[in-house]
Amino acid sequence: MTDGKYIYDFEEGNIKLKDLLGGKGAGLAEMTRIGLPIPPGFTITTKACVRYMREGPAFIDKIWQVIIEHIRKLEKKTGKRFGDKNNPLLVSVRSGAKISMPGMMDTVLNVGLNDETVKGLAQLSNERFALDSYRRLLSMFGSIVMGVPRGEFEKLLEEKKEKYKVKTDAELPVEALKELIKEYKQLIKEKAGAEFPQNPYKQIRMSVEAVFKSWNGKRAIKYRRIHGIPDDLGTAVNIVTMVFGNIGWNSGTGVAFTRNPATGENRVYGEYLPNAQGEDVVAGIRTPLQLEDLKKEQPKLYREVIETCKKLENHFRDMQDIEFTVENGKLWVLQTRTGKRTAQAAVKIAVDMVNEGLITKEEAVARIKPEDIEKLLHKQIDPKAERKVIAKGLAASPGAAVGKVIFDSDEAEELGKEMPVILVRPETAPEDVGGMAAAQGVLTARGGMTSHAAVVARGMGKPCIVGCGEIKIDTEQNLFQVGGLIVKKGDWLTLDGSTGEVMLGRLPLVEPKTTGELGIILKWADEIRVLGVYANADLPKDIAKAVELGAEGIGLARTEHMFLADRLPIFQRTILADNESKRRKVLMNELLPRQKEDFKEILRITNGKKTIIRLLDPPLHEFLPELTELLVEITKMEAEGRKGKKFEEKRKLLQKVQDLYEFNPMLGFRVCRLGIVYPEIYETQVRAILEAATELKKEGLDPRPAIMIPGTIHKNELVELKKLVERVAEETFKREGVEVDYTYGTMIEMPRAAITADEIAKVTDFFSFGTNDLTQTVMGMSRDDAERRFLNIYLEKGILPHNPFQTLDEKGVGEVMRIAVTKGRKANKKLEIGICGEHGGDPKSIEFCHRLGLNYVSASPYRIPVARLAAAHAEMKYKYGELQQT
């Protein structure tokens with residue numbers, strides 16, 4: 001390819017040029033190459049779009065003559081002439097980015113029609129078809145290219161259907177279409193301040209520019225933000241010879257998926273709309289026929305569609321989403337792309353294709369996105385709940401959703417930040433994507449399984465029900481009716497996207513289990529990954545769930561909860577005690593027995609798995625009442641003359657709270673400093689852990705506790721506390737008559753600990769990066785304050801590329817981690833290193849941890865399957881340089 005080549009005929013391209021030709025253009029080129037019936041055409045590249053964004057219309061001047069030359073080639077291939085009034089060549093001008101963005105950019109059909117060429121088209125076919133095609137061009141060109149609101153055209157169309165007493169566009173008579181064409185042209189002149197261009201070449205130029213501009217349209221930008229698509233890719237423009245599905249009832253338009261995009265079932269699934277054109281199926285304006293219906297009505301055509309689907313799936317080795325048109329009984333394929341699918345379908349299709357010999361296990365694992373796993377873990381309606389179904393539509397995207405009914409997308413986008421909402425629309429359009437993203441689920445009255453709502457919701461993993469014709473929506477009154485029932489804005493609604501059922505009220509939801517095909521994918525992922533996956537879990541039920549979801553161990557079991565609830569008064573007496581002897585008495589006699597039982601329950605669940613238990617971390621003042629509350633209470637007691645024993649206790653408590661008050665608690669008297677100043681607290685915890693472990697070992701179990709010291713800044717802190725741990729271990733093992741293997745380590749949460757990791761590694765068995773606090777200390781920002789005050793502005797302005805509390809800051813925090821890993825491993829070859837911050841469940845952060853050479857990541861229980869898959873992806877990227885998806 002030379003630098004000056006910006007246009008490719010379909011015969012020149014192939015699927016490998018997807019970056020340049022976009023997904024649609026590359027697909028058309030590849031299908032042309034393998035001999036499928038593709039209308040002739042050419043592609044203006046994504047590189048041209050990027051230059052247009054930089055140079056504007058002046059760039060079109062530079063390539064205009066080349067565009068004309070390619071139009072001449074189309075004329076030779078088709079035997080028609082562009083702009084000819086007797087045998088006119090008509091084209092579609094279609095967008096097509098590298099990454100599929102369904103409905104987010106613009107397409108114009110029937111380009112080349114005008115007051116003269118429409119007569120020639122009528123002579124070649126029939127008058128009604130020609131007028132209908134012209135009417136469609138005026139509507140699309142007027143709204144997309146000339147900026148007339150689409151609703152203005154729709155309003156005129158609805159009025160015309162009402163006047164002629166017909167229900168669908170296809171039933172409008174010739175006279176009605178003539179009236180519409182006249183009214184559409186007048187509308188364009190009034191609203192756009194210019195007449196519809198009769199020059200076909202001007203039409204094509206303006207359409208190309210409109211498609212390029214749509215890359216930076218509001219809905220396209222919003223879609224890219226939601227899906228993390230780069231802004232600098234640009235879109236290609238495909239100029240394709242028109243074939244017509246609206247020429248008569250022997251014609252039509254359709255969409256086919258080579259497998260069911262909702263369930264993954266290995267059966268061609270699709271919809272067909274007779275006597276319709278282009279976008280009618282995906283727009284969801286008319287409810288289409290099922291593809292299966294063609295088997296009876298047009299068996300030859302049905303066989304052709306099925307054979308084409310199988311050929312494309314076998315060629316691309318993935319489920320395909322195919323758009324086709326039938327013109328007078330002849331099949332034309334207009335597009336193929338890798339089909340968007342639900343997470344459930346993605347997993348089933350991947351496993352089935354391995355079993356069918358189409359792809360390898362590694363390819364199957366690579367095709368499942370970590371976010372797909374998260375979507376699969378969506379809640380479902382509790383099977384025990386009583387369902388009062390008020391309506392039923394098409395089950396377009398699985399999962400259950402509960403929220404308040406909202407009818408306006410913009411309002412849903414705003415309210416969705418504060419409360420769960422369900423977006424209810426007659427049908428959705430690309431402009432609704434923001435509201436759909438913010439909503440818990442989507443319900444539409446019209447549309448089929450390939451409508452905009454269905455496709456976009458599946459891509460987002462949102463529960464969605466479409467084509468629910470039982471509900472009658474009144475968007476002006478903010479309500480819908482179903483039978484005699486009225487549901488208003490703000491009413492609670494429950495959707496079951498797996499069955500299509502709509503229920504009034506808030507039904508309880510339950511978490512799903514990882515079984516079936518998902519279990520197989522995760523098993524294959526486990527065979528690939530080298531990074532261990534542990535869990536951050538404190539309570540027995542959470543630990544059990546983590547183990548069920550595949551955790552190999554516990555990377556962080558916090559112990560703060562063991563000092564709360566009914567234990568809080570005990571610990572408060574410990575804090576208020578004025579000497580070590582009193583503190584030790586309370587701790588050993590009252591708290592230790594309770595905590596030993598806590599640890600026994602935990603270690604019993606994690607039998608045979610490493611369990612890293614972090615000793616007490618928060619500052620002591622967090623276990624006492626708030627200073628302000630105490631002052632108010634004491635002042636009130638004093639004013640009321642209540643100065644007895646209780647008053648003195650409160651004053652003593654106030655004095656302790658004041659003593660423990662800190663200006664900056666995050667960097668104050670907390671973490672291992674507690675154990676240095678009050679060693680009896682840590683001694684109690686260590687004794688409880690080891691006594692629990694020895695008792696379990698006597699029962700024949702295999703407890704594997706690991707004692708983790710929080711927040712160290714100096715080797716000597718760890719030396720001091722290690723003496724305590726070793727002393728308690730020796731006493732416990734001697735008294736119990738049995739020994740337990742345990743390990744001793746620390747959390748790296750402070751920059752100094754990372755920089756002096758070589759010293760710290762000599763006295764520990766493991767490091768665990770506490771990246772929540774490490775991010776705060778390295779970046780000098782409080783997570784809570786940053787997210788509340790300024791972080792969003794930093795992200796919007798591009799000062800930070802992402803939220804550093806969600807995805808690791810590799811250049812800053814990551815570099816500090818690199819120093820710690822390098823120094824630590826140099827000093828202690830057997831040192832085990834992991835991460836236990838929230839970043840342990842973030843796929844990008846997991847990939848960084850893999851590159852850094854950590855032994856494990858630790859994530860919250862429901863992110864364990866995500867971490868398992870992400871760790872496998874990280875290994876494949878390391879091994880191959882990229883994910884081998886095909």
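Helix 3 and helix 8 are oblique to each other, packing at an angle of about 120 degrees. This is a predicted model. Beyond this helix pair, the briefing covers an open sheet with antiparallel pairing, a closed barrel of eight strands, and two residues with positive phi, asparagine 328 and alanine 565.

**Helix 3 against helix 8**

- Helix 3 spans residues 57-78 and helix 8 spans residues 200-214, and their axes are 11 Å apart.
- Angles from 65 to 115 degrees count as roughly perpendicular and those over 145 as roughly antiparallel; the angle here is about 120 degrees, and the two helices are therefore oblique.
- The crossing of the two helices is right-handed.
- On the helix 3 side, the contact is made by Pro57, Ile60, Asp61, Trp64, Ile68, Ile71, Arg72 and Glu75.
- Helix 8 contributes Tyr201, Ile204, Arg205, Val208, Glu209 and Phe212 to this contact.
- Sorted by class, the contact has nine nonpolar residues, five charged residues and no polar ones.

**The open sheet**

- Five strands make up an open sheet, in the order 1-2-7-5-6, with antiparallel pairing.
- Strand 1 (7-9) and strand 6 (107-111) are the edge strands, each pairing on one side only.
- From one strand to the next, the twist averages 20 degrees.
- Within the sheet, strand 2 (residues 41-44) and strand 7 (residues 235-241) run antiparallel and are joined by four bridges.
- Glycine 41 has valine 240 of strand 7 as its bridge partner.
- Helix 8, described above for its packing with helix 3, also lies across strand 2, strand 5 (91-97), strand 6 and strand 7.
- The direction of helix 8 is at about 150 degrees to strand 7.

**The closed barrel**

- Eight strands form a closed barrel with parallel pairing, running 26-27-28-29-30-31-32-33.
- On average, and with direction ignored, neighbouring strands of the barrel are turned by 25 degrees against each other.
- Strand 28 (residues 610-614) pairs with strand 29 (residues 704-709) in the parallel sense, over five bridges.
- In that pair, threonine 611 has proline 705 of strand 29 as its bridge partner.
- Helix 33 (residues 813-827) packs on the barrel sheet and touches strand 31 and strand 32.
- The direction of helix 33 makes about 180 degrees with that of strand 31.

**Strands 31, 32 and 33**

- Strand 31 (residues 766-769) and strand 32 (residues 832-835) pair in the parallel sense over four bridges.
- Serine 768 has glycine 834 in strand 32 as its bridge partner.
- Strand 32 also pairs with strand 33 (residues 856-859), in the parallel sense and over two bridges.
- Isoleucine 835 stands opposite valine 857 of strand 33.
- Between strand 32 and strand 33 the chain passes through helix 34 (residues 843-852), and this β-α-β crossover is right-handed.

**Positive phi outside glycine**

- Asparagine 328 is not a glycine, yet its phi is positive, at about 50 degrees.
- The loop between strand 11 (320-327) and strand 12 (330-338) holds asparagine 328.
- Alanine 565 has a positive phi near 55 degrees and is likewise a residue other than glycine.
- Alanine 565 lies in the loop that runs between strand 27 (554-557) and helix 21 (568-576), and strand 27 is one of the barrel strands.

Key
Residues numbered from 1 in each chain as written. Predicted model: local features only at pLDDT ≥ 70, side-chain atom pairs only at ≥ 80, totals over all residues. Heavy atoms only, no water. Axes fitted to C-alpha atoms, helices over the stretch in contact; angles between N-to-C directions. Parallel < 35°, antiparallel > 145°, perpendicular 65-115°, else oblique. Left-handed = near helix turned anticlockwise from the far one by under 90°. Contact = heavy atoms within 4.5 Å. Nonpolar A, V, L, I, M, F, W, Y, C, P; charged D, E, K, R; others polar. Pairing = 2+ DSSP bridges. Right-handed = clockwise from strand over helix to strand, strands pointing away.
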